[in-house]
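Please work through the exercises below with the sequence and the structure side by side, trying each task before reading its solution.

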Amino acid sequence: KEEEEEEGGDGNESLFLSVRYGTVKDLLSFANQVSNTSRSHHQHLKKRDAGIILNKKDICIKNGHYQVDSEVFLFPWKFARRDIGVDYIPRGAFGKCHLAQDRETRKRMACKLIPMESFRPADIQIQARFRHENIAELYGALLWNETIHLFMEAGEGGSVLEKLESSGPMKEFEIIWLTKHVLKALDFLHSKKVIHHDIKPSNIVLMSTKAVLVDFGLSVQMTEEIYIPRDIRGTEFYMSPEVITCRGHSTKSDIYSLGSTIIHMQ
């Protein structure tokens, strides 16, 4: 499925009242409301759960609630490749990721936790608006205990970086297989004029039949042929020269980063 999600919905009601099913527009409105909430009001939201869920099939809201240890369980990630300890939790730039499971449907998901003060609407905008088989699907966002919980498609095979750290260099056929999946995701994103800005091994996640891109917090959708950044976006080792110099770049910078990632995989 390759499409831009519908953005209809009623954004007039307060989005902090409960957890409910909604549209992409509702989810983005919720993200903006969270981002615009002053720190002085964070304490009032400490024991309240609120949010927008896009996935009606696999996530079961109960009476306006979707609470951890009640409607959904969180577990530390455990990978089969090596003994990493029961408390190992993958961490990103602004959050940590758990394995989640819906109590009723038994759906297994990834759940990224971001402190409320660190959360930005950009963390979910691209992932919410665009759907593709090689982009980790976003199921919804929940505010609970002053922390944003982002529920998304789980890649229990771990990231490419974790595979490299545990098993060493990848075989040629593995690199070719993985590169094809990433290129399909980039072809779709670039057709929408979206630059991912952080292609690297830790942002490519392995599933049983595919690989998906994650972490779109640095992504932008270009309005002109060249994107002129106000700051450096990405991870230095994988950046193209034009990104580092901040003189303007395009979607081609992602291809450079993928090339650097391929070198890292060997």
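**Exercise 1: placing strands in the sheet**

In this predicted model, arginine 20 has isoleucine 52, in S3, as its bridge partner. Starting from that pair, trace the sheet and find which strands stand at its edges.

Solution. Strands of a sheet pair through backbone hydrogen bonds, either parallel or antiparallel. The first step is the pairing of S2 with S3, which is parallel and runs over three bridges. On the next step S3 pairs with S8 in the antiparallel sense over four bridges, and here isoleucine 53 has glycine 140 of S8 as its bridge partner. Strand S8 (residues 138-144) in turn pairs with strand S9 (residues 147-152), again antiparallel, over six bridges, with leucine 143 bridged to isoleucine 148 in S9. The complete order is S2-S3-S8-S9-S6-S5-S4, an open sheet of seven strands with mixed pairing. Strand S2 (19-21) and strand S4 (72-75) each have a single partner strand, so they stand at the edges and one side of each lacks a neighbour in the sheet.

**Exercise 2: the surroundings of serine 18**

Decide whether serine 18 is buried, partly exposed or exposed, and name residues that it touches.

Solution. Serine 18 lies in the loop between strand S1 (3-4) and S2. Its relative accessible area is 26%, and since buried requires a value under 20% and exposed one over 50%, serine 18 counts as partly exposed. Leaving aside residues up to four places away in sequence, serine 18 touches Asp49, Ala50, Gly51 and Gly64. Of these, Ala50 and Gly51 belong to strand S3 (residues 50-53), where both are buried, on opposite sides of the strand.

Definitions and conventions
Residues are numbered from 1 along each chain as its sequence is written. This is a predicted model: local features need pLDDT of at least 70, side-chain atom pairs count only at pLDDT 80 or more; totals for chains, interfaces and linings use all residues. Side-chain values use heavy atoms; hydrogens and water are left out. Two strands pair if DSSP finds at least two bridges between them. Helices (H or I, at least four residues) and strands (E, at least two) are DSSP runs, numbered from the N terminus. Buried means under 20% relative accessible area, exposed over 50%, partly exposed in between (1.4 Å probe, protein chains only). Contact means heavy atoms within 4.5 Å.
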